[in-house]
Amino acid sequence: MKGIGGALAMFTKKETDRKNLEAEEKHNDTKYSKAQFAESRQLSRMEKDILAAVLLEQKTYTLQEAQEHIQQFMNGEAQ
């Protein structure tokens with residue numbers, strides 16, 4: 001009986017991992033406004049200040065795009 005439970009646990013874990021990966025991929029595509037980044041609890045005060053300076057009001061950005069803007073600013077590449 002242990003063997004069946006172990007196999008079931010492995011199947012459940014793989015299924016859960018796949019669902020988490022799908023949810024993460026969907027989350028990565030989500031776009032946010034400049035105001036939403038300003039309210040984020042996941043960003044530091046400095047990151048919020050940088051985004052406030054470099055993002056456009058009328059445009060939305062993914063978290064990845066926002067992080068790229070922060071990196072560009074920190075590297076002196078911001079325009």
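Let's start with aspartate 49, which is partly exposed, with a relative accessible area of 40%. Keep in mind that this is a predicted model. Aspartate 49 has a salt-bridge partner in arginine 45, and their closest N and O atoms are 2.9 Å apart. Both residues sit in helix H3, four residues apart, which is about one turn of the helix. Arginine 45 is exposed, at 56% relative accessible area.

That salt bridge is one of two in the structure. In the other, the side chains of lysine 34 and glutamate 57 meet, with 3.5 Å from N to O. This second pair links distant parts of the chain: lysine 34 belongs to helix H2 (residues 34–39), while glutamate 57 is in the loop between helix H3 (45–54) and strand E2 (61–62), 23 residues apart. The two ends also have contrasting surroundings. Lysine 34 has 16% relative accessibility and so counts as buried, the cut-off being under 20%. Glutamate 57, with a relative accessible area of 56%, is exposed.

Now for the overall layout. The chain has four helices and two strands, and from the N terminus on they run α-β-α-α-β-α. Of the 79 residues in the chain, 16% are buried. The chain exposes about 6500 Å², with carbon and sulfur atoms supplying 54% of that area. Looking at contacts with a separation of 6 or more, 47% are between residues 24 or more positions apart.

Which charged residue is buried yet has no salt bridge? That would be lysine 48, another resident of helix H3. The nearest side chain of opposite charge is glutamate 39, and it is 6.7 Å away. A salt bridge needs the nitrogen within 4 Å of a carboxyl oxygen, so this pair does not qualify. Setting aside residues up to four places away in sequence, lysine 48 touches Phe37, Ala38, Glu39, Ser40 and Leu43.

Phe37 deserves a word of its own. The structure holds one aromatic pair. It is made by tyrosine 32 and phenylalanine 37, which are arranged edge-to-face, 5.7 Å centre to centre and with 70° between the planes. The edge-to-face label applies because the angle is over 60 degrees. Phenylalanine 37 has just 4% relative accessibility, so this residue counts as buried.

Phenylalanine 37 also turns up among the neighbours of leucine 51. Leucine 51 is in helix H3 and is buried, with a relative accessible area of 1%. Not counting residues up to four places away in sequence, leucine 51 touches Lys34, Phe37, Leu43, Ala66, His69 and Ile70. Lysine 34, on that list, is the salt-bridge partner of glutamate 57.

What does isoleucine 70 contact? Leaving aside its neighbours within four places in sequence, isoleucine 70 is in contact with Glu47, Ile50 and Leu51. Isoleucine 70 lies in helix H4, and its relative accessible area of 8% makes it buried.

Helix H4 covers residues 63–74 and includes phenylalanine 73. With a relative accessible area of 38%, phenylalanine 73 is partly exposed. Together with Met46 and Met74, Phe73 forms a nonpolar patch on the surface, with about 300 Å² of accessible area between them.

Here are some pairs that are separated in sequence, with their C-alpha to C-alpha distances:

| Pair | Apart in sequence | C-alpha to C-alpha |
|---|---|---|
| isoleucine 70 and glutamate 47 | 23 residues | 6.7 Å |
| phenylalanine 73 and isoleucine 50 | 23 residues | 7.3 Å |
| leucine 51 and glutamine 67 | 16 residues | 8.9 Å |

If you're looking at the model on screen, leucine 51 is a handy place to pick up the thread again. This buried residue touches both Phe37 and Ile70. From Ile70 you can follow its contacts to Glu47 and Ile50. From Phe37 you can go to its edge-to-face partner, tyrosine 32, or to lysine 48, which touches Phe37 too.

Terms used:
Residues numbered from 1 in each chain as written. Predicted model: local features only at pLDDT ≥ 70, side-chain atom pairs only at ≥ 80, totals over all residues. Heavy atoms only, no water. Phe/Tyr/Trp six-rings, centres within 6.5 Å; stacked < 30°, edge-to-face > 60°. Buried < 20%, exposed > 50% of the residue type's maximum accessible area, 1.4 Å probe, protein only. Contact = heavy atoms within 4.5 Å. Areas by Shrake-Rupley, 256 points an atom, 1.4 Å probe, with all protein chains shown as cover. Patch = residues over 30% accessible without salt bridge, like charges linked within 9 Å, V, L, I, M, F, W, Y side chains within 5 Å. Lys, Arg positive; Asp, Glu negative; His and termini not counted.
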